[in-house]
Amino acid sequence: MSTTVRGYAAFSAEEPLAPFDFERRRLRDDDVAIAILYCGICHSDLHNARNHWGNATYPMVPGHEIIGRVVEVGPSVTRFKVGDAAGVGCMVDSCGHCAACGQGLEQYCENHATYTYNGVDLQEGTTTYGGYSERIVVSQDFVLRVPPGLDLAGAAPLLCAGITTWSPLRHWQVGAGSRVAVVGLGGLGHMALKFAKALGADVTLFSRSAAKEADARRLGADRIVLSTDAAHRKANTGRFDLIVDTVPYAHDVNLYVPTLATGGTLVLVGYLGPLDPTLNSAPLVMNRKTVAGSLIGGIAETQKMLDFCAKQGLAADIELIRIQDINHAFERMVRSDVKYRFVIDMASLKDAA
Ligand code: NAP
Ligand code: ZN
């Protein structure tokens with residue numbers, strides 16, 4: 001039998017999120033049911049709920065930074081037992097047989113990974129609903145183990161903000177002596193600072209806000225550069241091996257290219273869409289520079305990142321909110337008024353009207 005679950009949903013691009021009851025499927029053999037304790041609020045939740053990417057289906061229950069406790073397992077589940085702490089990120093399935101899946105790159109599945117919400121379940125053709133809810137049912141292959149020692153609320157944002165910044169830092173082999181810059185100090189940006197520092201890099205933050213300097217330094221930055229200040233950018237010409245750009249909206253990437261060292265890479269993880277203004281290839285060609293993109297990370301890589309965080313005592317800096325305050329949190333996120341990730345305390349769902 002399916003289970004009726006309480007959550008919060010967007011019903012259109014314009015309306016505020018509101019309570020929504022829906023069905024979670026009956027467990028398949030390899031499924032794990034998780035009672036959700038915490039769910040982070042990602043800027044992607046806002047993009048999706050407001051249909052910025054043009055592919056929204058409503059009602060939509062957002063949320064892909066999920067931490068909870070296992071409350072039920074299917075008969076063939078071997079990796080989890082009732083009572084375990086567990087996490088779910090942006091994906092709940094993929095084809096499992098393409099070249100990308102074979103390499104543990106499920107996020108780049110050639111047949112399209114199934115997203116945790118606003119996706120289509122491969123077996124039943126139903127819409128997936130995310131973590132702004134009391135319970136989720138996911139195949140054990142897409143459930144992460146939460147190592148002991150991690151603060152559960154602070155671990156929730158690792159499932160998206162964490163892995164999305166960890167994966168490019170690892171792919172571009174950041175380590176001791178690397179010079180890394182991060183553009184934008186929000187949910188992704190603050191994890192990028194922490195990870196780059198923990199990996200031994202020299203770390204710079206580009207921000208529009210000088211007021212963020214003290215926080216940036218506490219989070220791992222060695223310096224902050226005001227992204228709106230041309231002279232300040234110029235003083236950093238040719239400096240960076242890797243720039244992780246987390247800005248969510250169209251912005252001028254050309255401003256950052258001169259700060260790359262020869263052979264350096266600027267990786268876009270924030271904005272999805274045509275660049276405006278367009279990208280000038282000349283400075284790329286003249287110094288073998290790269291502008292690249294990166295999407296979350298694979299399941300095994302996500303597990304490695306969580307294990308690293310437990311070992312290093314790393315987690316997100318969060319502001320815990322009640323789910324009734326979700327629409328206010330979205331508004332504050334638009335104003336970049338977040339330090340540095342909102343996480344919903346799902347116990348508040350019981351108070352929902
Ligand atoms: P966030 O918490 O809102 O942080 C974004 C930061 O970017 C802000 O704090 C701000 O930093 C800066 N910013 C915001 N608006 C800007 C603008 N118009 N121009 C320049 N800078 C601006 O967002 P987030 O949750 O970190 O997500 C960032 C982006 O990554 C979103 O677009 C999200 O959809 C995307 N994302 C991608 C992936 C992936 O797999 N690639 C995964 C998760 C999220 P300052 O105030 O310091 O300038
Ligand atoms: Zn996200």
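**View 1. Two domains make up the protein chain of this predicted model.** Domain 1 is built from two segments, 3-160 + 317-350. Domain 2 covers 162-293. The C-alpha centres of the two domains are 28 Å apart. Where they touch, domain 1 contributes 14 residues and domain 2 contributes 19 residues.

**View 2. Domain 1 and domain 2 bury area between them.** The buried area comes to about 1400 Å². Carbon and sulfur atoms account for 49% of it. On the domain 1 side, C160, D317 and Y340 lose the most area to domain 2. Together these three residues make up 45% of what that side buries.

**View 3. Ligand 1 lies between the two domains.** Both domain 1 (3-160 + 317-350) and domain 2 (162-293) give residues to the shell around ligand 1, so the ligand sits between them. The shell counts 27 residues. H43, S207, K212, I296 and R341 are the closest. By class, the shell residues split into twelve nonpolar, twelve polar and three charged.

**View 4. Two helices each supply at least two residues of the shell around ligand 1.** They are helix 1 (43-49) and helix 5 (187-198). Helix 1 gives the largest share, three residues.

**View 5. Polar atoms of R341, L185 and S294 approach ligand 1.** A polar side-chain atom of R341 is 2.6 Å from an oxygen atom of the ligand. R341 is also listed among the closest residues of the shell. Backbone atoms take part as well. A polar backbone atom of L185 lies 2.9 Å from an oxygen atom of ligand 1. For S294, a polar backbone atom lies 2.9 Å from a nitrogen atom of ligand 1. On its own, ligand 1 has 930 Å² of accessible area, and the protein covers 90% of that.

**View 6. The peptide bond from K339 to Y340 is cis.** Its omega is near -15 degrees. Y340 belongs to the loop between helix 10 (326-334) and strand 17 (341-345). Y340 also appears in View 2, as one of the domain 1 residues that lose the most area to domain 2.

**View 7. A second cis peptide bond joins D276 and P277.** Here omega is about 0 degrees. P277 is placed in the loop between strand 14 (260-268) and helix 8 (282-286).

**View 8. R288 has a positive phi.** The angle is near 45 degrees, in a residue other than glycine. R288 sits in the loop between helix 8 and strand 15 (290-293). Helix 8 also borders the loop of P277, shown in View 7.

Definitions and conventions. Residues are numbered from 1 along each chain as its sequence is written. Chains are lettered from A and ligands numbered from 1 in the order in which they are written. This is a predicted model: local features need pLDDT of at least 70, side-chain atom pairs count only at pLDDT 80 or more; totals for chains, interfaces and linings use all residues. Side-chain values use heavy atoms; hydrogens and water are left out. A residue is near a molecule or strand if one of its heavy atoms lies within 4 Å of it. A polar contact is a pair of N or O atoms within 3.5 Å; within protein, one must be able to donate a hydrogen and the other to accept it, and residues adjacent in sequence count only if both atoms are side-chain atoms. Accessible areas come from the Shrake-Rupley method with a 1.4 Å probe; for residues, only the protein chains shown count as cover. Helices (H or I, at least four residues) and strands (E, at least two) are DSSP runs, numbered from the N terminus. Ala, Val, Leu, Ile, Met, Phe, Trp, Tyr, Cys and Pro count as nonpolar, Asp, Glu, Lys and Arg as charged, and the others, Gly among them, as polar. Domain bounds come from an automatic or database domain assignment. Contact means heavy atoms within 4.5 Å. Buried area is the accessible area (1.4 Å probe) that two parts lose on being put together, summed over both.
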